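I opened this model to look up a pocket, the nonpolar cores and a sheet. My entries follow in that order.

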Amino acid sequence: MSSQPCVSFPSGGALSPFRRAISIPSPRSWLASLARQSILAALPHAILHGYLILDDDEGSHAFGIKQKDANFVHIKVVNDNFWLRLMLSGDLGFSEAYMIGDIELLDLRAAMNLWLENQAGMEDTLSSTYSRITSTISGFYNSFLGQSKSNARLNVIASYDQSNELFKAFLSKEMMYSCALWGDSDGGVRGDLELGPTPGDLEAAQHRKIHHVLRQARVKPGDRILEFGSGWGGLAIQAAATYGCTVDTLTLSVEQRTLAEERIAAAGLSDKITVHLMDYRDIPTSWEHAFDAFVSVEMLEHVGSKYYAQYFNLVSFALKPHGATAVVSASTFPESRYSSYQAEDFMRKYMWPNSCLPSASALIHAASPHFNLERVENHAAHYPRTLREWGRRLEQNLTQDLVSKDYPGLWDDRSYTAFKKKWMYLFAYAGAGFAKGYITCHMLTFIRENDVPELCD
């Protein structure tokens, strides 16, 4: 490990025994060395499943047991800052080391699987007091202030008010930024791994998802639909064009609204769909009991546990007292992992600031004063393939020229590489989470208390 000389004692006088200059490592270098020693000492107790090789300029270190079907990960440490990042920030520090190039890693998906397979050991042995304190503080901040009205717009700016060209590079033609539903004709949730990806497979799966949501919402010609979370208008366009509905859809993203309105106009549906730049908490009083159906696809992650009751109160306010259906979907935590205090991690720092994953029961409880639960679905198994396809399309379509027009700073090669790695890390990180059951993806259908469930006789 290299060290940086920072103090030299001069020769002569009282310091004559030190005629030769002595170099003392900098505090940062000393801390990195301490972090390295601590982590290398802890990893044998942390890696109980799979096999890890860590290479740095002082040698190679192996952990776990190498078996035929075991998860194998090989990491080369390029910069000693990696050790500090990992000790102080755990998995968040690992993501930063990957994005900035402190480590070289060929199989990111395998690394995510190794972390989750050994999560308990990793957290118990690698978490420092500092990381626990900062996690607690960020969790409390997120719970109390993360989704306030003043912060909601800032969160959207960081999450969605980005280049539309970036999202076009990896989303389907409908531009649905949510879990697709894979059918038998696509080869199912592992079709891309067993048969290989095929042209148009993501479009077919997203089309299936849109129509599944609208069928669950029981929409029919002439219905008026309220949507929280416009995206780029994909669901609203289908609701109007295929089902003959009118749609009021809400977003806080200027970029999304601009492109959604362009796409709606191109489809000749501007008289059927209105895109409102509006916080859901600001819906007008004129909307009371005005809607036949409510839909929201993966927007609830940005609501926050503090506001679930208000959210469903407003949905109830807007829906008709009888014959109305609400369908919501969201990435969720399993019940055993859910907490209203969710600390900063890679997702909440670099992708969706102050987001908070609900649990299915937290949403059901918040909706219960107004609705009966009609249906629960878990689409988690469908998300890894969706994320793999996004990753393939990003690799194929994203170029430095494409995104640098909107982000001039990305003309710098190192900045562009880190930017692209951030997205590839997201797809691998989330994909492993869904595949291992660390996170889930629920779709819930609610009906009014005295309404008839699905017709069956």
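I looked up the second largest pocket first and found 21 lining residues, of which Arg109, Pro384, Arg388, Phe427 and Ala428 lie nearest its centre. The elements giving two or more residues to that lining are α3 (108-117), α15 (383-397) and α17 (413-435). A pocket here is an open set of points on a 1 Å grid over the protein atoms alone, where a 1.4 Å probe fits, with protein on both sides within 12 Å along at least five of seven lines; lining residues have an atom within 4 Å of a point. Helices (H or I, at least four residues) and strands (E, at least two) are DSSP runs, numbered from the N terminus.

The model is predicted: local features need pLDDT of at least 70 and side-chain atom pairs pLDDT 80 or more, while totals for chains, interfaces and linings use all residues. Residues are numbered from 1 along each chain as its sequence is written, and side-chain values use heavy atoms, without hydrogens and water.

Next I checked the largest nonpolar core (buried Ala, Val, Leu, Ile, Met, Phe, Trp, Tyr and Cys joined through side-chain atoms within 4.5 Å; buried means under 20% relative accessible area with a 1.4 Å probe, protein chains only). Of its 74 residues, Leu54, Phe94, Phe170, Tyr177 and Trp423 touch the most other members. The largest share, 12 residues, comes from α17. A second, separate core has 33 residues, including Leu226 and Tyr311.

Last, I traced an open sheet of 4 strands, ordered β2-β1-β3-β4 with mixed pairing; strands pair if DSSP finds at least two bridges between them. I found 3 bridges joining β3 (residues 72-77) to β4, antiparallel.

Conventions: Buried < 20%, exposed > 50% of the residue type's maximum accessible area, 1.4 Å probe, protein only.
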